[in-house]
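Visitor: I would like a close look at one part of this model, the place where two helices pack against each other, and then at the pockets and other packings around it. Please take the helix pair first.

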Amino acid sequence: MADQAGITLTVKFNGENWTTWKFQVEIMLKSKGYFDVVNGTKPRPENDTTEWDKMDVKAQEIIVLRLEEKILTHIITCKNSREMWSKLKAIYEHQSHINVHLLTQKFFTLEYKTGNVTDFISQLEKIKADLKHMGEEISDKMLVTKVLMSLPENMKHFVSAWESTPSDKQTLTDLTSRLMIEEERNKTSEDSMALAVKGKFIKPKGDIKCFNCNKTGHVKKNCPQVEKKCNY
């Protein structure tokens, strides 16, 4: 799809996708020969300004048509494309670097909580997608490594088993599926152990001894001899 200037439209800048938006718009401006005007390497001449002014207006058009309305307020008072470009860079260039840093830090510090493997991987995939939107790429291999490194001690055996898996099978999808099965297996095992431990503290009825008649199978309050005495 092309706009009125005959240039393929890009995703509009919304305040968050600065890196990818800037890259695409720079390519557009360069392909049309306007970028030297925008970055200041081709200043406005003192005498015949007709050609420069036309290039500047075209550059402004490319920039403005690719901004969401809330972003336009930042450049509405700018007089030329260079001022627009400089203003946007001053506002969003540094902020973009900060956001990338914070998201990357979150990716590496996020902790896995037992029993929530799908939630954990979903959070990592969300961070991965956000970083890609900002022009930073985290590979699936890196994501898989992050998941494996985050597993608790009682699942370290899983890592060894995973490492012996053929490389073409070491995908994020396969890892997620296998971890879900492993978690379910661990949960079943823990439930069984809990029942077994609980069973140790439940004394079999045959081992109960009455302190009245010294016979087994009942307690004093249910002793037949006590009940018999009460009937007299």
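Guide: In this predicted model, the pair to begin with is α5 and α6, and the crossing of α5 past α6 is left-handed. Helix α5 covers residues 81-109 and helix α6 covers residues 117-133. The two pack at an angle of about 155 degrees, and their axes are 10 Å apart. Angles over 145 degrees count as roughly antiparallel, and α5 and α6 are therefore roughly antiparallel to each other.

The contact can be listed by residue. On the α5 side are Val-100, Leu-103, Thr-104, Lys-106 and Phe-107. They meet Leu-124, Ile-127, Asp-130 and Leu-131 in α6. Sorted by class, the contact of α5 with α6 has 6 nonpolar, 1 polar and 2 charged residues. The polar one is Thr-104, and the charged ones are Lys-106 in α5 and Asp-130 in α6.

Helix α5 also takes part in enclosing a space. The model has 1 cavity of 30 Å³ or more, and about 40 Å³ of space lies in the largest cavity. Its lining consists of Gly-15, Glu-16, Trp-18, Tyr-92, Gln-95, Ser-96 and Asn-99. The largest share of that lining, 4 residues, comes from α5. By class, the lining of the largest cavity has 2 nonpolar, 4 polar and 1 charged residues. The charged residue is Glu-16, while Trp-18 and Tyr-92 are the nonpolar ones.

A second helix pair can be set beside α5 and α6. Helix α1 (residues 18-32) packs with helix α3 (residues 50-64) at an angle of about 155 degrees, with the axes 10 Å apart. Helices α1 and α3 are therefore roughly antiparallel to each other. The crossing of α1 and α3 is right-handed, whereas α5 passes α6 in a left-handed crossing. Trp-21, Val-25, Met-28, Leu-29 and Lys-32 are the residues of α1 in this contact, and they meet Ala-59, Ile-62 and Ile-63 of α3. By class, the contact of α1 with α3 has 7 nonpolar, no polar and 1 charged residues. The charged one is Lys-32.

The remaining pair is α7 and α8. Their axes come within 9 Å and cross at roughly 145 degrees. Val-144, Leu-148 and Met-149 of α7 make the contact with Lys-156, Phe-158, Val-159 and Trp-162 of α8. This contact has 6 nonpolar, no polar and 1 charged residues.

The largest pocket involves these helices as well. About 200 Å³ of space lies in the largest pocket. The elements giving two or more residues to its lining are α7 (140-150) and α8 (156-163). Helix α7 gives the most, with 6 residues. The lining is made up of Asp-140, Lys-141, Val-144, Thr-145, Leu-148, Met-149, Val-159, Trp-162, Glu-163, Gln-170, Thr-171 and Leu-172. Among them, Val-144, Leu-148 and Met-149 of α7 and Val-159 and Trp-162 of α8 also belong to the contact between the two helices. By class, the lining of the largest pocket has 6 nonpolar, 3 polar and 3 charged residues. The charged ones are Asp-140, Lys-141 and Glu-163, and the polar ones are Thr-145, Gln-170 and Thr-171.

Terms used:
Residues numbered from 1 in each chain as written. Predicted model: local features only at pLDDT ≥ 70, side-chain atom pairs only at ≥ 80, totals over all residues. Heavy atoms only, no water. 1 Å grid on protein atoms, 1.4 Å probe; cavity = no way out; pocket = protein on both sides within 12 Å on 5 of 7 lines; lining within 4 Å. Points joined across faces, edges and corners; volume = space filled by probe spheres on them. Axes fitted to C-alpha atoms, helices over the stretch in contact; angles between N-to-C directions. Parallel < 35°, antiparallel > 145°, perpendicular 65-115°, else oblique. Left-handed = near helix turned anticlockwise from the far one by under 90°. Contact = heavy atoms within 4.5 Å.
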